[in-house]
Every structure is written in structure tokens, then in C-alpha cells.
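Visitor: I am new to this structure. Please take one part of it and walk me through it closely, then show me what lies around it.

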Amino acid sequence: MYRIFLIEDDVQLGELIHNHLERYGYVVYQPKSFMNIVEEFAEVRPDLVLLDINLPYYDGYYLCRSFRQQSKVPILVLSARSQELDQIMAIELGADDYMTKPFTFDILLSKIKATIRRVYGEYATNDDSTTCAGPLCIHAKDLTLTCRGKKVELSKNEYKLLKKLMAHHGAFVSREELIEEVWDSVTFVDDNTLTVNIARIKQKLSELGVGQTIKSRRGAGYMLQDPDVYEGL
């Protein structure tokens, strides 16, 4: 059974989510104290985190960064904050997905199932392969991207997006294809989630000195330019 750490200070909503998830076979933990959430996280060692942003003592952004420093556990943010900047901040700090309140339990459950399938189940990356396109290489074993001796770390989502783009380098891949590659379903994914993840990848490519590698075109999607195009940039 998968362990879920539910961090929500709305008692009624927390109990509702807790009870629903337990009916579907998940083991749900909730903080005993909002002052010691990081310590409780280390004790619980959850398989997935559901994280609110507006919390007493430490907000969700701080907790997301703290969790990510010690674990690659998938983090799904549940927040009433609907501004694009809030979503960008959460994903840049390590969140895997972002849901705006109010939401239906069916959508939440679908996202949880898809995330667990992707990280631990049939779609999980359990190999040690290396995929390259020109000087760029991504490594499944440690989720890193390298280029001419330089290296940056990738999240699981960034790795999967880059792998898809590398498999079709020199050609555009639609936004829908990329979303389905990483999140399984276009229906329940905010289109901005893909935009934020691509922006993070571009930033990491810039750190490696090949910041112009990914090209976008409205209606066509994204393309990892052919190695001959960015070789030597």
C-alpha cells in the first residue's frame, strides 16, 4: 500500500480527503504538529505528498523546498492560490504538479493514480540508460543532463520531457504529446504546467551553455533542434 503524507490545515477538507483515500487502499498520514512537519516527513517516508500552500508556521513553498532537499518523492500541491506565479514558484521549488481548489475528488484521485503509476508502476524509469543528441546526454540512473563535461540535475518530469524531445530531435513534438508522455492525461493537466517545466529545462540548458536548443512554435509544440544546429553554441 502506498503511503501519502497529507498536509492540509483545513480540518474538514483534510478529513474528507483522508477518508476518501483510505477507501481506495492508501495509507494516509497527517501532521501531528505543523511546527515539526519536516521531521515528520523524514519519519513517515511517504510515497507521495499532498501539500497545501497556506499553512501555519511554515508555508508550502518552504516545505516543498525542504522535502526536495532530502527526497525525490512526488509532490502534488493543492492550493486555493490560482495565480500563475504561485504555480511557477511551486514547480520551481520541486513540486511535480499543482491543483487549484476547489477540485473534485475524482480528479485528485486520477492525478494520484497517474503519479504513482509514473513513479513506481508500469511507467516508472528503472533503467540506467543514457540518451544523447549531439553533445547533450540525459542519464536515467541519476536523472542528470550533461554537455561537454558540465552537469545539471533533472526532475523526473524534466527527464521524461527531454527524453521525448531527444527521441524526435529536429522535429516538433506537440504539447499534447508531451503532456501525455509525462502526466498520462491531457484532460486533468493545466496547460501552464508544461510551460513551466519547459522553462525550467531551458534554464538548465542555459547553465550548460546551450540555451537556444529548444525551439517553440504556436500550434506545433516544441522541438529540440538538430545536433548540427546547436553543436558548438
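Guide: Here is a close look at one annotated residue, followed by a walk through its surroundings and the rest of the chain.

Keep in mind that this is a predicted model. The part to start with is Asp52. The UniProt record, an unreviewed entry, annotates Asp52 as "modified residue: 4-aspartylphosphate". Where does Asp52 lie? It is in the loop between E3 and H3. Is Asp52 buried or exposed? It is buried, because its relative accessible area is 4%, under the 20% cut-off for that class.

Now look at what surrounds Asp52. Leave aside the neighbours within four places in sequence. Asp52 is then in contact with Ile7, Glu8 and Asp9, and also with Gly60, Leu78, Ser79 and Lys101. Two of these contacts lead onward: Ser79 and Lys101.

Take Ser79. This residue sits in strand E4, which spans residues 75-79. Its relative accessibility is 0%, so Ser79 counts as buried. Again setting aside neighbours within four places in sequence, Ser79 touches Asp52 and Ile53. It also touches Tyr98, Met99, Thr100 and Lys101. So Asp52 and Lys101 both appear among the contacts of Ser79, and Ser79 and Lys101 both appear among those of Asp52.

Next comes Lys101. The peptide bond from Lys101 to Pro102 is cis. Its omega is near -5 degrees. Most peptide bonds are trans. Pro102 is placed in the loop between strand E5 (97-100) and helix H5 (105-120).

Go back to the loop that holds Asp52. Tyr57 lies there too, between strand E3 (48-51) and helix H3 (60-70). Its phi is near 70 degrees, a positive value in a residue other than glycine. Most residues other than glycine have a negative phi. Tyr57 is exposed, with a relative accessible area of 59%. Asp52, by contrast, is buried.

Helix H5 follows the loop of Pro102. It packs against helix H1 (residues 11-23). The angle between H1 and H5 is about 55 degrees, and their axes are 11 Å apart. H1 and H5 are therefore oblique to each other. Their crossing is right-handed. From H1, the residues that meet H5 are Ile17, His20 and Leu21. From H5, they are Phe105, Leu108, Leu109 and Ile112.

Helix H4 covers residues 84-92. Which residues in H4 are buried? They are Asp86, Gln87, Ala90 and Ile91. These four cover an arc of only 125 degrees around the axis, which puts them on the same side of H4. The spacing fits a general pattern. An α-helix has 3.6 residues a turn, so residues three or four places apart point the same way. After H4 comes Gly94, with a positive phi near 120 degrees.

Step back to the wider span. The unreviewed UniProt entry carries the annotation "domain: Response regulatory" for residues 3-116. The end C-alpha atoms of that span lie 11 Å apart. Residues 3-116 are 46% helix and 18% strand.

Now move along the chain to strand E8, where Cys147 is found. Cys147 counts as buried because its relative accessibility is 1%. Not counting residues up to four places away in sequence, Cys147 touches Pro135, Leu136, Leu208 and Val210. Cys147 and Val210 are 63 residues apart in sequence. In space they are 8.6 Å apart, C-alpha to C-alpha.

Arg148 is in the loop between strand E8 (144-147) and strand E9 (150-153). Arg148 is not a glycine, yet its phi is positive, about 50 degrees. At 45% relative accessibility, Arg148 counts as partly exposed.

One more helix pair closes the walk. Helix H6 (residues 156-167) packs with helix H7 (residues 175-183) at an angle of about 135 degrees. Their axes are 9 Å apart. That angle makes H6 oblique to H7. H6 passes H7 in a right-handed crossing. On the H6 side, the contact residues are Asn157, Lys160, Leu161, Lys164 and Leu165. On the H7 side, they are Glu177, Leu178, Glu181, Val182 and Trp183.

Conventions. Residues are numbered from 1 along each chain as its sequence is written. This is a predicted model: local features need pLDDT of at least 70, side-chain atom pairs count only at pLDDT 80 or more; totals for chains, interfaces and linings use all residues. Side-chain values use heavy atoms; hydrogens and water are left out. Buried means under 20% relative accessible area, exposed over 50%, partly exposed in between (1.4 Å probe, protein chains only). Helices (H or I, at least four residues) and strands (E, at least two) are DSSP runs, numbered from the N terminus. The arc is that of the directions from the helix axis to the C-beta atoms. UniProt positions are given in the numbering used here, feature names are shortened, and annotations may be inferred rather than shown by experiment. Axes are lines fitted to C-alpha atoms, for helices over the stretch in contact, and angles run from 0 to 180 degrees between N-to-C directions. Angles under 35 degrees count as roughly parallel, over 145 as roughly antiparallel, 65 to 115 as roughly perpendicular and the rest as oblique. A crossing is left-handed if the near helix is turned anticlockwise from the far one by less than a right angle, and right-handed if clockwise. Contact means heavy atoms within 4.5 Å.
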